[in-house]
Structures are given as C-alpha cells and as structure tokens.
Amino acid sequence: MKLHVRAALASAIALGVLLGPATAALAEDSIAARDPNDTPGKLDMDGAGMALKNSGTLFVGVRTFGSWRDGLLDDSGDNRFVFYFNLDRDNKAEYTGKISLVDGAFVLPVDGKRQIDPIPVTRTGTTLKVKIPADSPLSQPDVKFWAKSRLTGSGKCSHTCVDRAPDSSALHF
Ligand SMILES: [Ca+2]
Ligand SMILES: [Ca+2]
C-alpha cells in the first residue's frame with residue numbers, strides 16, 4: 001500500500017513536471033492530478049495539471065494514456081479537448097475553450113465574458129499544454145481548471161466517449 005501511494009505521488013509530480021522543467025522551477029504554484037483509466041477510446045486522460053509562474057503566466061495541460069494521431073482532433077470533426085476555467089468560486093466555468101487542429105496546428109479558441117484571442121497549444125508526446133499570457137483574464141491565482149475529452153469513433157465510442165479530469169472536482173492552487 002505504501003508503495004502504491006508513493007508511485008501515485010511520483011506520477012503526479014511527473015505530470016506537473018511535464019508542464020515544463022522551467023515552469024516547475026519558477027512556478028509560484030503548481031498542481032496536478034491523476035485521472036484513472038476510466039474511458040474507452042484514445043482520448044482517455046491520464047491526468048491534468050496547472051502551474052502559475054511568478055510572472056503571472058499560467059500553464060494548463062492534460063496527458064492521455066495512449067498515443068493518437070494529430071488528425072484525430074481535426075477542426076472538421078467533433079473530437080475535442082475542452083478546457084474549463086472557473087474564476088469566481090461558483091461551480092460554473094466563465095470561460096470554455098475547445099482544442100482542435102486548424103491548418104496543422106493545435107489551437108484553443110476561448111468563449112466567455114470577454115473576448116480572448118485563440119491561444120496556441122503545444123503537443124509533446126501524449127501531453128497537450130497551453131501557455132496563457134499574464135495579461136489574459138484566465139491568468140488568475142484563484143482560477144479553477146478542469147478538462148474534458150470528447151471522442152466519437154467506433155466500437156464503444158460510436159456514440160461519444162467523454163472523459164473528465166479531475167472526475168468530479170477542479171484543480172486549484
Ligand atoms: Ca481518464
Ligand atoms: Ca476521468
């Protein structure tokens with residue numbers, strides 16, 4: 001049991017570090033949570049993480065268990081990672097972004113109270129990471145973040161597979 005706890009902790013730390021070694025070193029705050037192998041299909045998330053640097057730059061990201069091809073998130077289809085940002089301590093997200101592949105690059109357009117320019121997304125292996133500038137309304141120390149993946153494919157996902165991470169809560173500092 002002790003070993004199990006230690007492995008889970010090490011894995012959560014690894015997920016935080018995936019947001020970037022420089023990010024981790026300079027972070028004012030960082031948080032990461034594992035998500036179980038709980039959803040069929042290729043977009044089953046292994047975890048989500050968030051880090052706020054002293055500069056005010058906010059990083060958010062997710063990692064999947066398995067690999068998948070970029071085209072799975074092509075803008076012409078319905079498959080997405082959806083990022084939720086709750087800024088005022090209620091249970092609703094004020095801003096929602098949906099990641100897709102547009103002209104060969106991943107991007108996060110954001111809908112919400114104020115207009116925000118689409119934010120570039122970086123893919124490294126099975127991790128998607130978004131760097132949100134310090135002057136964005138999303139870069140708040142009390143931000144709550146969670147993510148969903150949505151995949152409509154074949155087999156068990158012929159209707160739609162949705163994974164949420166964390167399952168029933170949000171990441172917050
Ligand atoms: Ca999962
Ligand atoms: Ca989940």
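1. A residue counts as exposed here if 12 or fewer other C-beta atoms lie within 10 Å of its own, and as buried if 20 or more do. S67 is exposed because 8 other C-beta atoms lie within 10 Å. This residue sits in the loop between β3 (58-64) and β4 (80-86). S67 and T127 are 60 residues apart in sequence, yet their C-alpha atoms are 9.4 Å apart in space. Please keep in mind that the model is predicted.

2. On overall make-up, the protein has two helices and ten strands. Starting at the N terminus, the order of elements is α-α-β-β-β-β-β-β-β-β-β-β. Of the 173 residues, 35% count as buried. Among contacts between residues at least 6 apart in sequence, 54% join residues at least 24 apart.

3. The strand that precedes the loop of S67 is β3, and β3 is mostly covered, with seven of its seven residues buried. The burial applies to both faces. On one side are L58, V60, V62 and T64, and on the other are F59, G61 and R63. The list of buried residues in β3 includes T64 and R63 along with V60 and F59.

4. What does β3 pair with? Seven bridges join β2 to β3, and these strands run antiparallel. β3 also pairs with β8 in the antiparallel sense, over six bridges. F59 illustrates both pairings: in β3, F59 is the bridge partner of A51, and F59 stands opposite K131 in β8.

5. The β2 and β3 hairpin has four residues between the strands. Within this hairpin, G56 takes a positive phi near 100°.

6. The hairpins further along the chain can be read in order. β6 is joined to β7 by a hairpin through three residues. These strands run antiparallel and share three bridges, and V110 has I116 of β7 as its bridge partner. β7 and β8 are also antiparallel, joined by four bridges, with V130 in β8 as the bridge partner of V121. Two residues lie between the strands in the hairpin of β7 and β8, where G125 takes a positive phi near 60°.

7. In soluble globular proteins, nonpolar side chains tend to be buried together. In this model, the largest nonpolar core holds 31 residues, and those touching the most other members are A48, V60, F83, I99, F145 and A147. At least two residues of this core come from each of β2 (45-53), β3, β4, β5 (95-102), β6 (105-112), β7 (116-124), β8 (127-132) and β9 (144-151). β2 gives the largest share, five residues. V60, one of the residues that touch the most other members, is among the buried residues of β3.

8. Which residues does I99 touch? Leaving out residues up to four places away in sequence, I99 touches L73, R80, F81, F83, F106, L108, V121 and L128. Among them, F83 is, like I99, one of the core residues that touch the most other members. V121, also touched by I99, is the residue whose bridge partner in β8 is V130.

9. To sum up the points to check on the model: S67 is exposed in the loop between β3 and β4, whereas seven of the seven residues of β3 are buried. β3 is joined to β2 by seven bridges and pairs with β8 over six.

Notes
Residues are numbered from 1 along each chain as its sequence is written. Chains are lettered from A and ligands numbered from 1 in the order in which they are written. This is a predicted model: local features need pLDDT of at least 70, side-chain atom pairs count only at pLDDT 80 or more; totals for chains, interfaces and linings use all residues. A nonpolar core is a set of buried Ala, Val, Leu, Ile, Met, Phe, Trp, Tyr and Cys residues joined through C-beta atoms within 7 Å. Two residues are in contact if their C-beta atoms, placed from the backbone, lie within 7 Å. Two strands pair if DSSP finds at least two bridges between them.
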